[in-house]
Amino acid sequence: MNIFTSPEELHAWSIEQKRLGRLVGLVPTMGCLHEGHLSLIREARRHADVVVVSIFVNPTQFAPNEDYAAYPRTEAEDLRLCEAEGVAAVFLPTPELMYPPDASTWVEETRLSKGYCGAQRPIHFRGVCTVVAKLFNLAAPDVAVFGQKDFQQVAVIRRMVRDLNFPIQIIRAPIVREPDGLARSSRNRYLSPEARATALSLSRSLAEAKAEVDAGERDAAKLEGEIRAKTSAAGWIPDYVTVADADTLVPLQTVRPGASVILLACRNGTLRLIDNVLL
Ligand code: AMP
């Protein structure tokens, strides 16, 4: 497995892979890899001949009051997992290698990134789009895989790819959950045993809402109200709970099965979790 820290080395390697006629798949991550990330790597392998995993805790997507410094970093274990998954190359740059000190160019999606998590985290998606655009230029992938876990992120990236003509297929891989339903996340390790138990109210209330939709319920406000009540009762206060169009993220009053999603973010003290379900 190749381990690159320099952007130039990654780029040269990727261009050589393409010259050899190989399809390149990219899985961008911030490390602290878990089963969710591994499922993206496996999905990338189904669509590409060689897979690149980037591991980079991207400073530009964290606001000063967020957990950039404290974000969990488990590099040795991440490399072991990538090797075991048959990853061809890991890209492990430093912030200094990714961002010249006088970098002054941003990539910003201005519509899908504004609501939901973007409302709570105003600079987050600008940082995500900028770093993902840079990774796309460096790895020159044919395919890139992102997780449904971060539903708004995939929608924003898809829009950026369309608007800026990146010749890259974007794949959205399903959410990997713990056996009891909690969506896997690198930040789950911050949960106390009690918060871990009450956090189940997020995935449970979403699953129950989906079951209601499957049984014929179409009233978005009713579903949202029920979810709010359930997570709040468990101590998880919603930032947002919204039934939305799965492509445009525009809020819906009436569920359109096959084209809708329920997006959810909840807080418990300083903890914040997101989850979603396709309807
Ligand atoms: P992160 O390292 O948290 O930035 O995530 C890197 C990629 O893994 C993103 O595309 C995430 O959406 C995806 N991901 C994280 N958790 C999960 C999960 N539980 N299931 C599927 N994909 C995930």
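**Exercise 1. Decide whether Asn165 is buried, partly exposed or exposed, and describe its place and its backbone.**

Solution. Asn165 has a relative accessibility of 62% and therefore counts as exposed, where buried means under 20% relative accessible area, exposed over 50% and partly exposed in between, with a 1.4 Å probe and protein chains only. The next step is to place the residue: Asn165 is in the loop between H7 and strand E6 (169–173), helices (H or I, at least four residues) and strands (E, at least two) being DSSP runs numbered from the N terminus. Finally, the phi of Asn165 is near 60°, a positive value in a residue other than glycine.

The model is a predicted one, in which local features need pLDDT of at least 70 and side-chain atom pairs count only at pLDDT 80 or more, while totals for chains, interfaces and linings use all residues. Residues are numbered from 1 along each chain as its sequence is written, and side-chain values use heavy atoms, with hydrogens and water left out.

**Exercise 2. Describe the place of Cys32, its phi and its accessibility.**

Solution. Cys32 lies in the loop between strand E2 (24–29) and H2. Its phi is near 55°, which is again a positive value in a residue other than glycine. With a relative accessibility of 3%, Cys32 counts as buried.

**Exercise 3. Work out how H6 and H7 are arranged and which residues make their contact.**

Solution. Begin with the geometry: helix H6 (residues 124–139) and helix H7 (residues 151–163) pack at an angle of about 55°, and their axes are 11 Å apart. Axes are lines fitted to C-alpha atoms, for helices over the stretch in contact, and angles run from 0 to 180 degrees between N-to-C directions. H6 and H7 are therefore oblique to each other, since angles under 35 degrees count as roughly parallel, over 145 as roughly antiparallel, 65 to 115 as roughly perpendicular and the rest as oblique. The contact, meaning heavy atoms within 4.5 Å, is made on the side of H6 by Phe125, Val128, Cys129, Val132, Ala133 and Phe136, and on the side of H7 by Gln152, Gln153, Val156, Ile157, Met160 and Val161.

**Exercise 4. Work out how H9 and H10 are arranged and which residues make their contact.**

Solution. The axes of helix H9 (residues 200–214) and helix H10 (residues 220–233) come within 9 Å and cross at roughly 155°. That angle makes H9 roughly antiparallel to H10. H9 contributes Ser201, Leu202, Ser205, Leu206, Glu208, Ala209, Glu212 and Val213 to the contact, and H10 contributes Lys222, Leu223, Glu226, Ile227, Lys230 and Thr231.

**Exercise 5. Find the buried residues of H3 and say what they pack against.**

Solution. In helix H3 (residues 75–84), the buried residues are Asp78, Leu79, Leu81 and Cys82. Seen down the axis of H3, these residues fall within an arc of 160°, so they line one face of the helix; the arc is that of the directions from the helix axis to the C-beta atoms. On the other side of H3, Ala76 and Ala84 are exposed. The buried residues of H3 pack against strand E1 (2–4), helix H2 (35–47), strand E3 (50–55) and strand E4 (89–91).

**Exercise 6. Describe the surroundings of Thr242.**

Solution. Thr242 is in strand E7 (residues 237–245), and at 13% relative accessibility Thr242 counts as buried. When neighbours within four places in sequence are left aside, Thr242 is in contact with Tyr116, Glu224, Pro251, Val261, Ile262 and Leu263.
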